[in-house]
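Biologist: I am new to this structure and should be grateful for a close look at a single part of it. Please choose one strand and describe in order its partners and its surroundings.

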Amino acid sequence: MTARLVLATRNEHKVVELREILAAALGESGIDLDAAVVGLDDSSPDVVESGVTFAANALLKARAAARHSGLPAVADDSGLAVDVLGGSPGVFSARWSGRSGARAEVDRANVDLLLAQVSDVPDEHRGAGFICAIALVLPNGTEVVEHGEVRGTLERAPRGAGGFGYDPVLLVEGGGRTLAEHAPAQKNAISHRGRAVRAILPHLVDVLRG
């Protein structure tokens, strides 16, 4: 089977997570997602994420991947919005600390900086949420964008070994655990990315089933 859909990311965490969300949503569809859904190859051009919204950045990445591959392309842009920071880090979440290097090191630097910036904020004002915009772009120019969000509060130190990015510091509303303390299937059921994927799922199903 040849690929029918390209995920416009080189982040393997996202590729795995998106496949898991699709697999759970599609059930016994008979679609081999490992073959049908692929990540970017090494020849894919880098995209400058110059948008000022999650939707704008998701569309930039999906359009570039669709042009390069000739396939339908999906991209997401997501981040953490902290209430007392006016919605920051927002679209700058992945590069909040200005650190470059290995993804795990960058993630830790971002988390450390954010927690330091809100260290004196009382617990009752530490509201935050993950936001995800997901875009599907078809070679014929059709574009669809959907959103998902999960709310919670910022912990004062990371908790949990799962997930990536800021997952260990968002205590999910009503759950008593950070996103990083959820098993993958549990996280995908409530996460911003899971909700965004399920919102755009009817369009993805049309693509995957040809």
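Modeller: The account below takes one strand as its starting point and then turns to its surroundings. The model is a predicted one.

The chosen part is strand E4, residues 127–137. How many of the residues of E4 are buried? The number is 10 of the 11, so E4 is largely enclosed by the rest of the structure.

Two strands may be taken as its partners here. Strand E3, residues 73–82, runs antiparallel to E4, and 10 bridges join the two. Within this pairing, Ala 75 stands opposite Ala 135 of E4, and Asp 77 has Ala 133 of E4 as its bridge partner. E5, residues 143–154, is likewise antiparallel to E4, to which 11 bridges join it. One of the facing pairs is Val 137 with Glu 143 of E5. E4 and E5 form a hairpin with five residues between them. In the turn of that hairpin, Gly 141 has a positive phi of about 100°.

The partner E3 deserves a closer description. E3 is mostly covered, since 10 of its 10 residues are buried under the cut-off of 20% relative accessible area. Both of its faces are covered. On one side the buried residues are Ala 73, Ala 75, Asp 77, Gly 79 and Ala 81; on the other they are Val 74, Asp 76, Ser 78, Leu 80 and Val 82. E3 also pairs with strand E1, in the parallel sense and over two bridges. There, Leu 7 stands opposite Val 74 of E3.

The next topic is the packing of nonpolar residues. In soluble globular proteins, nonpolar side chains tend to be buried together. In this model the largest nonpolar core has 24 residues, of which Leu 5, Leu 22, Val 37, Leu 204 and Leu 208 touch the most other members. E4 is among the elements that give two or more residues to this core, together with strand E1 (5–7), helix H1 (12–26), helix H2 (33–36) and helix H6 (192–208). H6 gives the most, with eight residues. Leaving aside neighbours within four places in sequence, Leu 204 is in contact with Leu 5, Leu 22, Val 74, Leu 136 and Val 197. A second, separate core of 16 residues includes Leu 114, Val 121, Phe 130 and Val 172.

What space is enclosed in the structure? There is one cavity of 30 Å³ or more, and about 30 Å³ of space lies in the largest cavity. Its lining consists of Leu 5, Leu 7, Leu 18, Leu 22, Val 74, Ile 134, Val 197 and Leu 204. E1, H1 and H6 are the elements that give two or more residues to this lining.

The largest pocket has a volume of about 880 Å³. It is lined by 37 residues, and those nearest its centre are Asn 11, Lys 14, Glu 49, Ala 94 and Arg 103. At least two lining residues each come from helix H3 (54–69), E3, helix H4 (103–117) and H6. The strand partner E3 thus contributes to the lining of the largest pocket.

Helix H1, which was met in the core, also holds Glu 17. Is Glu 17 buried or exposed? With a relative accessibility of 6%, Glu 17 counts as buried, because the limit for burial is 20%. The side chain of Glu 17 is joined to that of Arg 193 by a polar contact of 2.6 Å. Not counting residues up to four places away in sequence, Glu 17 touches Phe 164, Lys 187, Asn 188 and Arg 193.

The account closes with the other partner strand, E5. The loop between E5 and strand E6 (170–172) contains Ala 157. Ala 157 is partly exposed, with a relative accessible area of 41%. Residues up to four places away in sequence apart, Ala 157 touches Leu 115, Pro 168 and Val 169. The C-alpha atoms of Ala 157 and Ser 119 are separated by 10.0 Å, although the two residues are 38 residues apart along the chain.

Key. Residues numbered from 1 in each chain as written. Predicted model: local features only at pLDDT ≥ 70, side-chain atom pairs only at ≥ 80, totals over all residues. Heavy atoms only, no water. Helix = DSSP H or I, 4+ residues; strand = E, 2+ residues; numbered from the N terminus. Buried < 20%, exposed > 50% of the residue type's maximum accessible area, 1.4 Å probe, protein only. Contact = heavy atoms within 4.5 Å. Core = buried A, V, L, I, M, F, W, Y, C linked by side-chain atoms within 4.5 Å. Pairing = 2+ DSSP bridges. Polar contact = N/O pair within 3.5 Å; in protein donor to acceptor, adjacent residues only side chain to side chain. 1 Å grid on protein atoms, 1.4 Å probe; cavity = no way out; pocket = protein on both sides within 12 Å on 5 of 7 lines; lining within 4 Å. Points joined across faces, edges and corners; volume = space filled by probe spheres on them.
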